[in-house]
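Student: Could you take me closely through one part of this model, and then place that part in the context of the whole chain? I would like the cut-offs behind each term as we go.

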Amino acid sequence: MTPRSLTAGLLAGALVLTSCGAPTPSAAPDTLVIAGYGGSYEEAFKQSVIPGFEKACSCKVTYIAGSSTDTVAKLKAQQAAPQIDVALIDDGVQNQAVEAGLLAKLDPKTVTNLPKVIDIARLPGDVGVGFSLNATGLAYNTDYYAKNGLPAPKRLADLADAKLKGKLVMPSITQTYGLGALLMAAKVGGGSEQDIAPGFAGVKKVAANAVTFDTTADVSNYFLQGQAVATVWGNSRVQTLAKKGFPIKFVYPEEGALPLIATVNVVNKAPHADLAQTFVNTLLEPSAQQAMAASNFNGPAVEGVTLDPALAEKVVGQERAADLRKLDWATINKNRSTWTDRWNKEIETS
């Protein structure tokens with residue numbers, strides 16, 4: 001991780017531009033509740049973002065970790081009386097949350113950085129906004145592959161190699177990376193979001209090597225403990241593990257990596273709606289974008305953010321993001337429940 005002194009310094013420049021208003025001396029500080037990604041992402045977020053925000057706004061932050069689908073499930077359960085203020089969720093799942101009326105429109109008077117956000121990260125009606133760029137592709141243990149004479153994977157189908165039997169951690173369809181595997185396999189088989197059958201055929205071949213199906217979106221421990229040597233995963237998580245000295249590499253597959261945009265959203269009827277809007281604006285400050293790139297390898301979603309060249313090579317930059325495969329989220333979300341049922345019957349129980 002980036003040293004705390006660095007990330008705090010980066011955030012400081014952003015937070016001075018954001019006026020939160022301090023509570024009166026006799027009042028207890030407000031507590032902003034954020035629900036977001038777990039694992040290495042949570043660890044980095046708590047170091048690079050939350051401390052500076054708490055100091056600038058004289059508030060406290062409670063972070064609830066979970067996958068995007070877990071977070072949206074919580075929002076649905078609490079819809080009558082929300083307990084969460086801010087939700088960090090993947091773009092596809094965010095679309096479902098919008099349709100369910102779980103999220104509020106951003107206030108341009110508070111979220112003044114919206115005009116600086118690149119097109120791919122702007123969301124319809126400004127109900128939420130993308131705050132970082134990522135990609136779903138392949139990840140593999142470089143040492144294991146080299147020692148066992150395995151060529152580096154170039155496509156999803158390479159993970160079906162019999163030499164990987166019991167050495168693959170397969171993401172479940174309940175989280176974004178599993179869905180990504182299904183969509184990649186569909187394209188290779190001549191299908192698409194509208195014709196998903198080839199995707200199931202392709203994933204079934206790969207899943208035959210699975211030691212487990214992960215639902216958390218963070219498979220670091222499987223790699224660290226030697227239980228797995230390959231998976232379908234996100235670039236930022238791969239780079240975070242590599243930074244700790246683990247021999248792992250991210251691959252943009254030949255069939256095309258999938259865009260993964262992390263979105264930040266104010267929950268509809270949030271207990272601390274004004275503070276939540278301020279938090280959104282803070283994440284879009286250039287220095288906050290730099291801090292998140294440095295700490296957890298999120299590609300900036302705001303124009304004009306400058307990164308060290310070595311760091312820029314590791315994140316999903318805006319030029320690469322423009323080349324990533326576009327997804328039909330309307331069709332995906334319409335069919336996702338059916339696909340999940342089919343996955344459970346054909347993939348995880350086979």
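Tutor: Let us begin with strand 9 (residues 258–266), where 9 of the 9 residues are buried, so the strand is largely enclosed by the rest of the structure; buried here means under 20% relative accessible area, exposed means over 50%, and partly exposed lies in between, with a 1.4 Å probe and protein chains only. Strands (E, at least two residues) and helices (H or I, at least four) are DSSP runs, numbered from the N terminus. This is a predicted model, in which local features need pLDDT of at least 70 and side-chain atom pairs count only at pLDDT 80 or more, whereas totals for chains, interfaces and linings use all residues. Residues are numbered from 1 along each chain as its sequence is written, and side-chain values use heavy atoms, with hydrogens and water left out.

The two faces of strand 9 can be read off residue by residue: Leu258, Leu260, Ala262, Val264 and Val266 point one way, while Pro259, Ile261, Thr263 and Asn265 point the other way, and all of them are buried. Strand 9 also has pairing partners, where two strands count as paired if DSSP finds at least two bridges between them. Strand 3 (residues 86–90) runs antiparallel to strand 9 and is joined to it by 5 bridges; within this pairing, Ile89 has Thr263 of strand 9 as its bridge partner. Strand 4 (residues 129–141) pairs with strand 9 over 7 bridges, again in the antiparallel sense, and here the bridge partner of Leu133 is Ile261.

Strand 4 also contains Thr136, which counts as buried at 2% relative accessibility. Leaving aside residues up to four places away in sequence, Thr136 touches Tyr177, Met184, Val232, Trp233, Phe250, Ala257, Leu258 and Leu260, a contact being heavy atoms within 4.5 Å. Leu258 and Leu260 in that list belong to the residues of strand 9 that point one way, together with Ala262, Val264 and Val266.

The loop between strand 8 and strand 9 brings us to the charged side chains. A salt bridge is taken as a side-chain nitrogen of Lys or Arg within 4 Å of a carboxyl oxygen of Asp or Glu, and by this rule the count comes to 8. Glu254 forms one with Arg155, their closest N and O atoms being 3.0 Å apart. This pair links distant parts of the chain, with Glu254 in the loop between strand 8 and strand 9 and Arg155 in the loop between helix 6 (142–147) and strand 5 (168–171), 99 residues apart. Arg155 forms a further salt bridge with Asp158, where the closest N and O atoms are 3.2 Å apart, and Arg155, Asp158 and Glu254 are thereby linked in a network of salt bridges. In contrast to the buried strand 9, Glu254 is exposed at a relative accessible area of 53%, while Arg155 is partly exposed at 31% and Asp158 is partly exposed at 26%.

Another of the salt bridges joins Lys244 to Glu43, with the closest N and O atoms 3.7 Å apart. Here too distant parts of the chain are linked: Lys244 lies in the loop between helix 10 (235–243) and strand 8 (248–251), and Glu43 lies in helix 2 (residues 39–48), 201 residues apart. Lys244 counts as exposed at 51% relative accessibility, and Glu43 is partly exposed at 34%.

Turning to the whole, the protein chain has 15 helices and 10 strands, and buried residues make up 55% of its 350 residues. Among contacts with a separation of 6 or more, residues 24 or more positions apart account for 75%. A compact globule of 350 residues would have a radius of gyration near 20 Å, and the protein chain, at 20 Å, agrees; this radius is taken over C-alpha atoms, and the globule rule is 2.2 Å times the number of residues to the power 0.38. Along its principal axes, the C-alpha trace spans about 65 × 40 × 35 Å.
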